[in-house]
Amino acid sequence: MSTTPAAIRLASAPCTWGVWERTVGRDDLIPPERMLETVRGLGYRGIELGPPGYFGGEPRDVVRTLARYGLDLVGAFAPLRIADEEGFLDDLGFLDRTIETLAAAGAHGPVVLAGDENEVRLAAAGKPDAVRQAGLPEDAFRRAAERVERAARRARERGVAATFHPHTATYVESPEEVAALLEHTDPEVVQICFDTGHTLVGGGDPVELARTARNRIGHLHLKDVDPVVLERVRARELSVEQAWEHGLFCPFGEGAVDFAAVLAELETFDGWAVIEQDRVAVQVDDLESVREVEERNLAVVRQAA
């Protein structure tokens, strides 16, 4: 069986196991020990952080929790209100705590910056024409890009790499917005977290972005997208929030992402590839069935590479 290129290291993410910002507050989430035991059993050597507090309240607690399972902390998500200076400054406290956790864990992976989801973009998300209409004016976008660069420099000053995640329902979603962000930021400071699923939902071509932005890709999220569910979003039958619950991000090999073509464009990528299949509701009784799907997802990626 073929394997991934030596430079790419495979990791998991809590959202695959139903633990992320859309499930915060639920009392039926999989306990972290059960998740980490399963992730390690699948052969992963790293995992992203997930929502605050899930792996521990303090950086040292996170480090101890992951160390028991031989897992590196390979990234942590930090949304920022990039279109609002006051909100952005307020969000820097959360960013600093995230950076502190990554630094304490050895800075094996980057802080994954992203714009915040907001009501304007949630209403437009997944519908390219609506996304264009809901975009920031040029001057406002330039200021947003400057804030992204300020945040990335803040991480680098503490010895932690930074990437920016173009993300559904944020002000950097469409191919045009991704290109503008890259144009208006220093390539030595701002790299992107390339997410195959969000690229497709945002109206882009993952293979094309892998090719045109390969020198700016510092972190990789692999997702597949159900084209039937996506078409229902495009046709305004479902909102993106509803689509998540309808399995927008589907088992690998059943969707529209060409993983072989994407990975062929990333032969020189040196970093973590995080296998994600966002799930909204996963309970302990679902753990075995999710693990079986994850085994197949891993097989698809290894075969594609």
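What is the order of the 7 strands in the open sheet? The legends below begin with the answer. The structure is a predicted model, in which local features need pLDDT of at least 70 and side-chain atom pairs count only at pLDDT 80 or more, while totals for chains, interfaces and linings use all residues. Residues are numbered from 1 along each chain as its sequence is written, and side-chain values use heavy atoms, with hydrogens and water left out.

**View 1. The open sheet follows the order β1-β11-β8-β7-β6-β5-β4.**
Its 7 strands are paired in parallel; two strands pair if DSSP finds at least two bridges between them. Helices (H or I, at least four residues) and strands (E, at least two) are DSSP runs, numbered from the N terminus. Strands β1 (8-11) and β4 (76-80) stand at the edges with a single partner strand each, so one side of each has no neighbour in the sheet. From one strand to the next, the twist averages 30°.

**View 2. Strand β4 pairs with β5, and helices pack on the sheet.**
Strands β4 and β5 (residues 111-115) run parallel and are joined by 5 bridges. Within this region, Leu80 stands opposite Gly115 in β5. Helix α6 packs on the sheet and touches β4, β5 and β6, where contact means heavy atoms within 4.5 Å. The direction of α6 makes about 165° with that of β5. Helix α13 (residues 287-304) also packs on the sheet, touching β1, β8 (217-222) and β11 (271-275), and its direction makes about 135° with that of β11. For these angles, axes are lines fitted to C-alpha atoms, for helices over the stretch in contact, and angles run from 0 to 180 degrees between N-to-C directions.

**View 3. The largest nonpolar core holds 97 residues.**
A nonpolar core is a set of buried Ala, Val, Leu, Ile, Met, Phe, Trp, Tyr and Cys residues joined through side-chain atoms within 4.5 Å. Buried means under 20% relative accessible area, exposed over 50%, and partly exposed in between (1.4 Å probe, protein chains only). The members that touch the most other members are Met35, Phe55, Leu95, Val111, Leu113 and Phe194. Helix α6 gives the most to this core, with 8 residues. Leaving aside neighbours within four places in sequence, Leu95 is in contact with Ala78, Leu80, Val111, Leu113, Ala151 and Arg154. In soluble globular proteins, nonpolar side chains tend to be buried together.

**View 4. Salt bridges link distant parts of the chain.**
A salt bridge is a side-chain nitrogen of Lys or Arg within 4 Å of a carboxyl oxygen of Asp or Glu; by this rule the count comes to 21. Glu85 and Arg150 form one of them, their closest N and O atoms being 3.1 Å apart. Glu85 belongs to helix α3 (residues 85-104) and Arg150 to helix α6 (residues 138-156), 65 residues apart. Glu85 is partly exposed because its relative accessibility is 30%, and Arg150 is partly exposed at 39%. In another pair, Asp96 and Arg158, the closest N and O atoms are 3.9 Å apart. Asp96 lies in helix α3 and Arg158 in the loop between α6 and β6 (162-164), 62 residues apart. Arg81, Asp90 and Asp91 are linked in a network of salt bridges.

**View 5. Arg121 and Glu173 form a salt bridge between buried residues.**
The N-to-O distance between these side chains is 3.6 Å. Arg121 lies in helix α4 (residues 119-124) and Glu173 in the loop between β6 and α7 (175-183), so the pair ties together parts that are 52 residues apart in sequence. Arg121 counts as buried because its relative accessibility is 0%, and Glu173 counts as buried at 3%.

**View 6. Cys15 and Cys250 are in no disulfide.**
A disulfide is a pair of cysteine sulfur atoms within 2.5 Å, and a search of the whole structure finds 0 of them. For Cys15, the nearest cysteine sulfur is that of Cys193, 11 Å away. For Cys250, the nearest cysteine sulfur is that of Cys15, 14 Å away. Cys15 is buried at 9% relative accessibility, and Cys250 is buried at 5%.
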